Amino acid sequence: MRKIRIAIVGVGNCANSLVQGINFYDGSSANDTGIGLMHRQIASYRPGDIEVVSAFDIDRRKVGLDVSKAIFSPPNCTKVFCDKVKLTGAIVKMGCVLDGFAPHMRDQDPLRTFLPLEKESTREQIIAELKKS
(Lines give C-alpha, C1' and ligand atoms only; values in the text may rest on other atoms or scores of the structure.)
Protein backbone atom coordinates (compact mmCIF):
# COMPACT_ATOMS: atom_id res chain seq x y z
CA MET A 1 0.00 0.00 0.00
CA ARG A 2 1.25 3.49 -0.81
CA LYS A 3 2.13 6.04 1.86
CA ILE A 4 -0.11 9.00 2.60
CA ARG A 5 2.11 11.90 1.51
CA ILE A 6 1.39 15.23 3.16
CA ALA A 7 2.67 18.80 2.88
CA ILE A 8 2.53 21.07 5.92
CA VAL A 9 1.86 24.79 5.55
CA GLY A 10 2.84 26.40 8.83
CA VAL A 11 5.16 24.30 11.00
CA GLY A 12 3.56 25.50 14.23
CA ASN A 13 2.16 23.84 17.32
CA CYS A 14 -0.49 21.80 15.45
CA ALA A 15 2.12 20.46 13.01
CA ASN A 16 4.33 19.72 16.01
CA SER A 17 1.64 17.55 17.61
CA LEU A 18 0.85 15.83 14.31
CA VAL A 19 4.49 14.90 13.59
CA GLN A 20 5.10 13.81 17.17
CA GLY A 21 1.91 11.70 17.03
CA ILE A 22 2.91 10.02 13.77
CA ASN A 23 6.20 9.00 15.39
CA PHE A 24 4.67 8.09 18.75
CA TYR A 25 2.11 5.74 17.20
CA ASP A 26 4.34 4.37 14.40
CA GLY A 27 4.53 0.61 14.69
CA SER A 28 1.51 0.26 16.95
CA SER A 29 -0.83 -2.56 16.08
CA ALA A 30 -4.49 -2.14 15.24
CA ASN A 31 -5.43 -3.94 18.47
CA ASP A 32 -2.98 -2.07 20.71
CA THR A 33 -4.57 -1.00 23.99
CA GLY A 34 -2.61 2.25 24.36
CA ILE A 35 -4.53 5.47 24.72
CA GLY A 36 -4.67 8.42 22.37
CA LEU A 37 -6.20 7.19 19.12
CA MET A 38 -9.76 6.08 18.58
CA HIS A 39 -8.72 3.90 15.64
CA ARG A 40 -5.10 2.82 15.16
CA GLN A 41 -5.91 1.55 11.70
CA ILE A 42 -8.28 2.82 9.01
CA ALA A 43 -8.62 0.38 6.11
CA SER A 44 -5.01 -0.77 5.80
CA TYR A 45 -3.46 2.54 6.92
CA ARG A 46 -1.71 3.15 10.25
CA PRO A 47 -0.08 6.32 11.61
CA GLY A 48 3.34 5.24 10.32
CA ASP A 49 1.95 5.32 6.77
CA ILE A 50 1.75 9.12 6.90
CA GLU A 51 4.84 10.68 5.34
CA VAL A 52 5.71 14.39 5.50
CA VAL A 53 7.18 15.24 2.08
CA SER A 54 7.11 19.03 2.05
CA ALA A 55 6.71 21.91 4.51
CA PHE A 56 6.55 25.70 4.51
CA ASP A 57 6.87 28.29 7.25
CA ILE A 58 7.69 32.01 7.56
CA ASP A 59 10.01 31.86 10.58
CA ARG A 60 13.76 31.97 9.91
CA ARG A 61 14.39 29.57 12.82
CA LYS A 62 12.50 26.83 10.99
CA VAL A 63 13.28 27.47 7.31
CA GLY A 64 16.12 25.20 6.16
CA LEU A 65 15.59 22.59 8.88
CA ASP A 66 14.21 19.09 8.56
CA VAL A 67 10.59 19.08 9.74
CA SER A 68 11.60 16.80 12.64
CA LYS A 69 13.84 19.58 13.99
CA ALA A 70 11.72 22.58 12.94
CA ILE A 71 8.73 21.41 15.00
CA PHE A 72 10.76 22.01 18.17
CA SER A 73 11.98 25.50 17.13
CA PRO A 74 10.56 28.70 18.67
CA PRO A 75 8.00 30.07 18.87
CA ASN A 76 6.50 26.56 19.11
CA CYS A 77 5.64 25.65 22.69
CA THR A 78 3.72 22.38 22.41
CA LYS A 79 4.24 19.72 25.07
CA VAL A 80 6.86 17.20 24.01
CA PHE A 81 5.42 13.70 24.27
CA CYS A 82 7.69 12.03 21.70
CA ASP A 83 11.26 13.28 21.80
CA LYS A 84 12.49 10.67 19.31
CA VAL A 85 11.13 12.06 16.06
CA LYS A 86 12.70 10.52 12.97
CA LEU A 87 14.15 12.72 10.25
CA THR A 88 11.55 13.22 7.55
CA GLY A 89 13.83 14.31 4.72
CA ALA A 90 11.47 17.25 4.16
CA ILE A 91 13.32 20.53 4.55
CA VAL A 92 11.14 23.49 5.56
CA LYS A 93 10.95 26.06 2.76
CA MET A 94 10.06 29.73 3.10
CA GLY A 95 6.36 30.28 2.66
CA CYS A 96 4.38 33.44 1.99
CA VAL A 97 3.36 35.76 4.79
CA LEU A 98 0.22 36.70 2.79
CA ASP A 99 -2.08 38.31 5.35
CA GLY A 100 0.74 38.80 7.85
CA PHE A 101 0.58 37.96 11.49
CA ALA A 102 -1.03 39.74 14.41
CA PRO A 103 0.62 43.12 15.12
CA HIS A 104 0.72 42.44 18.88
CA MET A 105 3.08 39.52 18.16
CA ARG A 106 5.83 41.96 17.14
CA ASP A 107 6.17 43.12 20.75
CA GLN A 108 6.51 39.64 22.26
CA ASP A 109 9.62 37.99 23.65
CA PRO A 110 11.74 36.59 20.76
CA LEU A 111 10.95 33.05 21.90
CA ARG A 112 7.22 33.74 21.51
CA THR A 113 7.07 35.79 18.32
CA PHE A 114 7.68 35.18 14.62
CA LEU A 115 10.95 36.16 12.99
CA PRO A 116 10.09 36.18 9.29
CA LEU A 117 12.74 36.11 6.60
CA GLU A 118 12.95 39.14 4.34
CA LYS A 119 12.36 37.22 1.11
CA GLU A 120 9.22 35.15 0.70
CA SER A 121 8.76 32.32 -1.75
CA THR A 122 6.68 33.07 -4.79
CA ARG A 123 3.46 31.27 -5.60
CA GLU A 124 5.27 29.58 -8.50
CA GLN A 125 8.10 28.36 -6.25
CA ILE A 126 5.63 26.83 -3.81
CA ILE A 127 3.67 25.13 -6.58
CA ALA A 128 6.91 23.75 -8.06
CA GLU A 129 7.99 22.40 -4.63
CA LEU A 130 4.63 20.72 -4.11
CA LYS A 131 4.76 19.07 -7.53
CA LYS A 132 8.37 17.95 -6.95
CA SER A 133 7.64 16.43 -3.55
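The following conversation concerns the salt bridges of a predicted model.

Biologist: What should I know about the model before we begin?
Modeller: This is a predicted model, in which local features need pLDDT of at least 70 and side-chain atom pairs count only at pLDDT 80 or more, while totals for chains, interfaces and linings use all residues. Residues are numbered from 1 along each chain as its sequence is written, and side-chain values use heavy atoms, with hydrogens and water left out.

Biologist: How many salt bridges does the structure hold?
Modeller: There are six salt bridges, each being a side-chain nitrogen of Lys or Arg within 4 Å of a carboxyl oxygen of Asp or Glu.

Biologist: Which residue forms a salt bridge with K86?
Modeller: The partner of K86 is D26, with 2.6 Å between the closest N and O atoms.

Biologist: Where do K86 and D26 lie?
Modeller: K86 is in the loop between helix 2 (67-70) and strand 3 (92-94), and D26 is in the loop between helix 1 (13-25) and strand 2 (50-57), so the pair ties together parts that are 60 residues apart in sequence. Helices (H or I, at least four residues) and strands (E, at least two) are DSSP runs, numbered from the N terminus.

Biologist: Turning to E129, is it buried or exposed?
Modeller: E129 is buried, at 12% relative accessible area, whereas K132 is exposed, at 66%. Buried means under 20% relative accessible area, exposed over 50%, and partly exposed in between (1.4 Å probe, protein chains only).

Biologist: Which residues do salt bridges that share partners join into one network?
Modeller: That network consists of K93, E129 and K132.
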